[in-house]
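Biologist: Could you take me through this model, beginning with the contact between its chains and ending with its nonpolar cores?

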Amino acid sequence: MRDCQDRWRFHAGVSGLFFAALMLAMATDAQDVARPRPVDPAAWGGDHVGQPFPPYVTGDECLFCHRDIGPTWGDNAHQRTIRPATPDELSLAALREFPRGKDLADQTQYLLGSERMTRFLKRSEEYGKLDLLSAMFRPQQNADVETDEASRENAPGEIHLPADDDEPRWEPHTFADRCAGCHTTAVDSRGKAFSSLSLDCFTCHGDVPLEHTKDTSLALLSAKHREPRQVISLCGQCHLRGGRSKSTGLPYPNTFVAGDNLFRDFQVDFSDEGLNTLPAADRHIFENTRDVALFNQTEMTCLTCHDVHTSSSERHQALEEVTICGSCHIPGTESRELREGISESAKFHVHSRVCGY
Amino acid sequence: MWIPKWQRDRQKGVDSPMPTQPVSNEEFLPRPQNKQQRQWEKLIGELAEEKSRKLNMPRRDFMRSSMGMATAFLASNMVYGPNWEVDAAETLDPAATEEKFPKGEYFVFDVQTHFTDGVAIGFRNAEFVRNMGFELEDNPDAYSFTNYVKEIFFDSDTSMAVISGVPGKEINKSLEGKVLEGRDRRGGILPSWLMSQRKNELNRLAGGQRALCQGNCAPNHYWDRASNAPDFPALFEQMEREVKKYGIDSWKWYCHTDPGRSGDGFRLDDEKMAYPFFEKSKELGLNVFSIHKGFASQSRTLGHFAHPGDVEKAALDHPDLTFIVYHSALKHGPGEPQFSEDGFFDPNSGDFAWHAELMQIKERNPGLDNVYPEIGSSFGLLAIAHPEMCQHLIAKNVKHYGSDHVIWGTDCLWWGSPQWVIDAMKRFQISDKLCEKFGYEKLTKQDKANIFGLNAAKIYGIDVNQQLQALPADALTRLKTAYLDDGGQRDNAAHGWVRDHA
């Protein structure tokens, strides 16, 4: 195992280049004159880059005790990053109607996505791998109607094939190369194999020792343990879309364990130019992360507004207006009017090249 | 506004030895009491006031006595119907209860008891436990082995207990290849090595056999990622350790958990995963498999593996093995929102989710003799939350599997001392209405004796007569006597958070 001190130097060296470029980009921006001097986001904490994941306690063991979470977790978006393919899904019905689709629908074991597209998956023979069907289901967009998760997952639509495909086929590598890091848990970056489907407790809480029952501060994200830089790192491992691991080149982090410093290996463009190209939903994440990672802002993190276990962001409506609200709301307006293009129905409109929409 | 339940109870003059409503764990808003729960609680308060005054004793002391317990059952009958065998005389005279339910009438052998490795896990403070009416501390001491001995053996009629496993796997070796021992093996909140250690301590202390223990090892605990299959050498090594070194008496399986990070759960009828385990276990001379089924929300993605559908083939293919189906495959507990959803319970058939499938297995295979429904948590929690469902649970288990196949378990000390569950079973009866409508039989004393302990004794090869002769003289009984003589008793203070206006 590499010596810790050497590791720090190595990462500090690599991140230094990235950091210098970032500072240069930001210094040229006239808006940044009043900003405090940015700090090196990679300069704190540690990482597990290139190491095996620790033998963490799995979610099924956690839920044995945390029985208040289990009954609602099944419907939680973080749990449904991969979901079992139930026969009554409209996407599967559409696939069955597609040429050669019946067999493919029968082979499909899991589904990914809902609102913009649904992808079809089946288990590979290999450990921790899923095959992704090249064909996808695109639901009809109905921008005027607010829908819940269940309705979105079962909206009518049709099957699309990529332009260069004649017929649907199972792809063995796409999921591992692009999706696994954020739709499954503990992806070994060497073999790109995950250890469990969708997001296990480990993804956000890390390797929690048994002793957390006596001292809850040992559990990351407990009320006593919400260090802002750790929070934006662990949320950012998936929500900073467009970032890339320096060491693997993959669009997801290399062996990130909640509690680590994400930015020791994960490259993200925090420049104003970069942020200005993002849709509002992504932009507010980048802005808040940048505030914490580069400017040591500690008052607001993702958890200030979002409650993951209850799938709620209601708390953000009770907050006093701060700069980040301007991503979606017009500052100073009495009823917090939404900006043009951020209608109620499309407020979470997002794009992602990695995700294919 | 939320207030502690004990505080509200004190304000309202309620001090119930039985839970009268579900309460919140502070993460969600507590559900208000329904009309029946309010009625029940009010009646308990009124009756207790009246009777304790008549006896000239403090009400709190009254509620801690057998008279208080009888009062709670009586009030329940007045609200929910005649579900419990209780006479008004028992609310004023402990002798009436003693006469009706003589001490030692039943040999109580609880196959589902737990403690932890010194960690508090929140159960004794959980949503539907908060209103248990007992002084349920939720700290490491409350979950300790010491308190386990007190609550299981001193505070209740339990004579024998199986220390029952929970999800978790031991690590065989360090990264350097050194075989680990004791705490270094980890294994979760109640690892196999600890169950074994405490079983031996308890039996040594008693000077006889009071405790048995289970082993947590299961087919998906050691996984070979290269072949994407069980790592049988590592698995068999652990099995041998648990049987030969730990002296376990049964396996405890959670098919819907994946502590080995295999990527999936497993089915009992999986010929590639479970069957090699069965064969190895037979070779080691251990034939009892205790399987958690039901309570599916305890898994993040693998809850479907808690369905009992895989019991049938496994049991038919292995008539020489015994399969104890824990929780009788009750899919959702009363504390879960799905419990109240349409389709979970059908009052017209008395069927409820997953338990019905367990019953159908026996219907399809009348000759199947090696499957035993166990009633830990299912009976106790339904007794409180849904007495009618509780009757269907027991009546159907007995109707389909026979009273000689229903196994007593309580899941305590998760829910405090099991005495309240024991009292509930003593007083439990199937109503005339349900017997008539569904063709159930009334439970006889012999049925209850079977359920309370004779069935489990048969499975584990315990000579009950010999035990009954040995128990009065063993050290644990002497300690219990001294504890009771010293005024030791269960606590009944209610905890939890409810709406102050509920």
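The questions and answers that follow concern a predicted model.

Biologist: How much area do chain A and chain B bury between them?
Modeller: The size of an interface is often given as the accessible area lost when the parts come together. Here 34 residues of chain A are in contact with 38 residues of chain B. Carbon and sulfur atoms account for 56% of the area that the two chains bury between them, which is about 3,100 Å².

Biologist: Which element gives the most to the side of chain A that touches chain B?
Modeller: On that side, α2 (59-65), α3 (70-73) and β8 (196-197) of chain A each supply at least two residues. A:Asp60, A:Phe64 and A:Tyr127 lose the most area to chain B, together making up 25% of what the chain A side buries. With six residues, the element that gives the most is α2(A).

Biologist: Which residue forms a salt bridge with B:Arg300?
Modeller: Between chain A and chain B there are 15 residue pairs in polar contact, counting those with both residues at pLDDT 80 or more, and the count of salt bridges is two. In the salt bridge of B:Arg300 the closest N and O atoms are 3.1 Å apart, and the partner is A:Asp200.

Biologist: Which helix supplies the largest share of the largest nonpolar core?
Modeller: Of the 122 residues in this core, those touching the most other members include B:Tyr148, B:Trp251 and B:Phe379. The largest share, seven residues, comes from a helix of chain B spanning residues 387-401, namely α13.

Conventions
Residues are numbered from 1 along each chain as its sequence is written. Chains are lettered from A and ligands numbered from 1 in the order in which they are written. This is a predicted model: local features need pLDDT of at least 70, side-chain atom pairs count only at pLDDT 80 or more; totals for chains, interfaces and linings use all residues. Side-chain values use heavy atoms; hydrogens and water are left out. A nonpolar core is a set of buried Ala, Val, Leu, Ile, Met, Phe, Trp, Tyr and Cys residues joined through side-chain atoms within 4.5 Å. Buried means under 20% relative accessible area, exposed over 50%, partly exposed in between (1.4 Å probe, protein chains only). Helices (H or I, at least four residues) and strands (E, at least two) are DSSP runs, numbered from the N terminus. Contact means heavy atoms within 4.5 Å. Buried area is the accessible area (1.4 Å probe) that two parts lose on being put together, summed over both. A salt bridge is a side-chain nitrogen of Lys or Arg within 4 Å of a carboxyl oxygen of Asp or Glu. A polar contact is a pair of N or O atoms within 3.5 Å; within protein, one must be able to donate a hydrogen and the other to accept it, and residues adjacent in sequence count only if both atoms are side-chain atoms.
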